[in-house]
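Trainee: Could you take me through one small part of this protein up close? I'd like to see how you read a single spot and then fit it into the rest.

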Amino acid sequence: MKKIICYIDIMDRTGAQRVMKNIVTYLGDKNYNVILVNDFDIGRKDSFDISNKVKRVFLRKNNCGNVFIKNIERIIRLRKLVKREKPDIILSFLGRPNVRMLIATLGVNVKKIVSVRNDPNYEYGKGKLKKVLINLLFEQADGCVFQTDDAKNYFNKKIQYNSKIILNPVDPIFFESKRSENCKGIVTFGRLDKQKNHRLLIRAYANLLKKDKKLEELYIYGDGELRDELEKIIERKNLKNKVHLLGNVKDVAKILSSSKLFVLSSDFEGLPNVLMEAMACGTPVISTDCPCGGPRMLITNENEGILVGCNDSEGLEVAIKKLIYDKSALEEMSVATRNRAKSFESLKILKEWEEYLNLIG
């Protein structure tokens, strides 16, 4: 059976990492020889549990030190690992790991697959020189997996030719979850950083609250560098009893299934896992129509969800108001989102990954 190295920076509980966890688990259960490589260990508390059928390797003990030196060390150690293990395929996820993997394997006899998990304009750069350089580097890969057509179109025809678009696999737990008969609250999940633009959601919510003091409460799950800033905004707008920052949690399916509405307010995304998970739970959804086209691929009509412009506070207000008070609209959308989600059931998507890996390797 094939030996496959899968490389991603860390295994924290975020979208791309969840997909990687699902892939290595599936391949391990199918008796592939799988090695999961991370830059460093963040500890079990904050990390996904990985099957004992999957070998773990960490390139460094921690993330301390000079950025340049850390990257050089990771590249050297990854190259040594590939030469020692002699895998049939190496698969990497995300911007920096993709770059490190392709540099580390220059001249090494191994099939290489990179997966673009976010908007490449942000991961690799918008300038002409940056695009030329990253395209030259990506030409070293034997295959590339994209999530959207927009992401694919960032790259040249040679790279596109050997590529495949694969949606994200959604864990069966989300499809199996039963909608609560008494759903409450507006919910979102995501890192507390600039990309997710929680400020937009809080602003829209605050404006709606001025008109209705009994508006459903807003629950924001996730953690990150902007937590303190968001707490100050919540306090300044007198929202402490209505908007809640609740950190990272494990029972995402349970929370989504008991929420009245899910909102994604990002400025850009790849193919947002949590939006897919909300749809699989039958939770009505609103999302920004952000680059690189992920939400637009998932929400194909207004029965399945509502798309609003990026950073459009007024448009987001209108969308929330349109749904939150309309019980029949919420019920109809709940059915439609779950039906749409059938196209990205886990087993179907993971089989596509296996077929592509075998095609390339």
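Mentor: Let's go to N238, which sits in the loop between α10 (227-236) and β10 (243-245). Bear in mind that this is a predicted model. What is phi of N238 near? The value is near 55 degrees, so we have a positive phi in a residue other than glycine. That deserves a second look because most residues other than glycine have a negative phi. Is N238 buried or exposed? With a relative accessible area of 68%, N238 counts as exposed, because the cut-off for that word is over 50%.

Now hop over to N31, in the loop between α1 (15-29) and β2 (33-38). N31 isn't a glycine either, and its phi is positive, about 70 degrees. Its relative accessibility is 58%, so N31 counts as exposed too.

While we're on backbone oddities, check the loop between β12 (285-288) and α13 (294-298), where you'll find C292. The peptide bond running from P291 to C292 is cis, with omega near 5 degrees. Most peptide bonds, by contrast, are trans.

For a buried spot, try E317 in helix α14 (residues 313-324). Its relative accessible area is 11%, and since buried means under 20%, E317 makes the cut. What is E317 in contact with, once we leave aside its neighbours within four places in sequence? The answer is A204, N207, L208 and K211. Another residue to look at is A206: it is 111 residues from E317 in sequence, yet their C-alpha atoms are 9.4 Å apart in space.

Next, look at helix α16 (residues 346-360). At 1.5 Å a residue, its 15 residues should span 21 Å, and the end C-alpha atoms are 21 Å apart, so the two agree. Buried residues in α16 include I349, L350, W353, L357 and I360.

Finally, zoom out. The protein has 16 helices and 13 strands, and 56% of its 361 residues count as buried. Take the contacts between residues at least 6 apart in sequence: 68% of them join residues at least 24 apart. A compact globule with 361 residues would have a radius of gyration near 21 Å, and the protein has 21 Å, which agrees. Along its principal axes, the C-alpha trace spans about 65 × 40 × 40 Å.

Conventions: Residues are numbered from 1 along each chain as its sequence is written. This is a predicted model: local features need pLDDT of at least 70, side-chain atom pairs count only at pLDDT 80 or more; totals for chains, interfaces and linings use all residues. Side-chain values use heavy atoms; hydrogens and water are left out. Helices (H or I, at least four residues) and strands (E, at least two) are DSSP runs, numbered from the N terminus. The radius of gyration is taken over C-alpha atoms; the globule rule is 2.2 Å times the number of residues to the power 0.38. Buried means under 20% relative accessible area, exposed over 50%, partly exposed in between (1.4 Å probe, protein chains only). Contact means heavy atoms within 4.5 Å. The expected span of a helix is 1.5 Å times one less than its number of residues.
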